[in-house]
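Please find below a colleague's note on helix packing in the model shown here.

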Amino acid sequence: MTRSSQVNFIRLVVRNIKIEPAVKSETKRIAIGVLAMSVIMEIVFLILGRFDYTVLLGNLLGGGWAILNFFIMALAVQKSVRKETPQEAKLVLQNSYTKRLLCAVVILLIGIKVQYFNWISVILPLVFPRITIAIVKLPIFQRKEEG
């Protein structure tokens, strides 16, 4: 397969992915949360006198993966809902989980072993989506029922 045919294949696949509005809005919410907490983390590093370019690069690696991981998970859920049997849906989710876990291990190994990344700033953003979800569930962020 030549380089141009690979690029054309990727374009065809990307064009045929229909992303549900819920996936887009939830990923946007997670991205905003990760970005906000990443800025706070960088400020803390700055206050502690530990900020350098490795913190920024680690944050980009960890935070970028955290957002991409959530998006890929949401796409897998979207795909699983369209399956005809629960077993097929479960298989889609299991495959996605396995692949995402392997990618996370690679990201962590790179973040820890490569000197251009501060390992703390790689690891911390990986929990930012969970924190964002917990914050969004707080009562102050819930819409009041019209009644």
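The points that follow concern the basis of the model, one helix pair and the buried residues.

1. This is a predicted model, in which local features need pLDDT of at least 70 and side-chain atom pairs count only at pLDDT 80 or more, while totals for chains, interfaces and linings use all residues. Residues are numbered from 1 along each chain as its sequence is written, and side-chain values use heavy atoms, with hydrogens and water left out.

2. Helices α3 (residues 53-81) and α4 (residues 86-113) have axes that come within 9 Å and cross at roughly 170 degrees. Helices are DSSP runs of H or I with at least four residues, numbered from the N terminus; axes are lines fitted to C-alpha atoms over the stretch in contact, and angles run from 0 to 180 degrees between N-to-C directions. The pair is therefore roughly antiparallel (angles over 145 degrees).

3. Contact means heavy atoms within 4.5 Å. Among the residues of α3 that meet α4 are L61, W65 and I72, and the α4 residues they face include L93, C103 and I110.

4. With 28 residues at 1.5 Å a residue, α4 should span 40 Å, and its end C-alpha atoms are 40 Å apart, which agrees; the expected span is 1.5 Å times one less than the number of residues.

5. In α4, the buried residues (under 20% relative accessible area, 1.4 Å probe, protein chains only) are A89, V92, S96, R100, A104, I107 and G111. Their cover includes α3 and α5 (119-123).

6. F128, P129 and T132 are buried in α6 (residues 128-136). The arc they cover around the axis is only 100 degrees, which puts them on the same side of α6; the arc is taken from the directions from the helix axis to the C-beta atoms. These buried residues of α6 pack against α2 (21-47) and α3.

Note on methods: Helix = DSSP H or I, 4+ residues; strand = E, 2+ residues; numbered from the N terminus. Parallel < 35°, antiparallel > 145°, perpendicular 65-115°, else oblique. Buried < 20%, exposed > 50% of the residue type's maximum accessible area, 1.4 Å probe, protein only.
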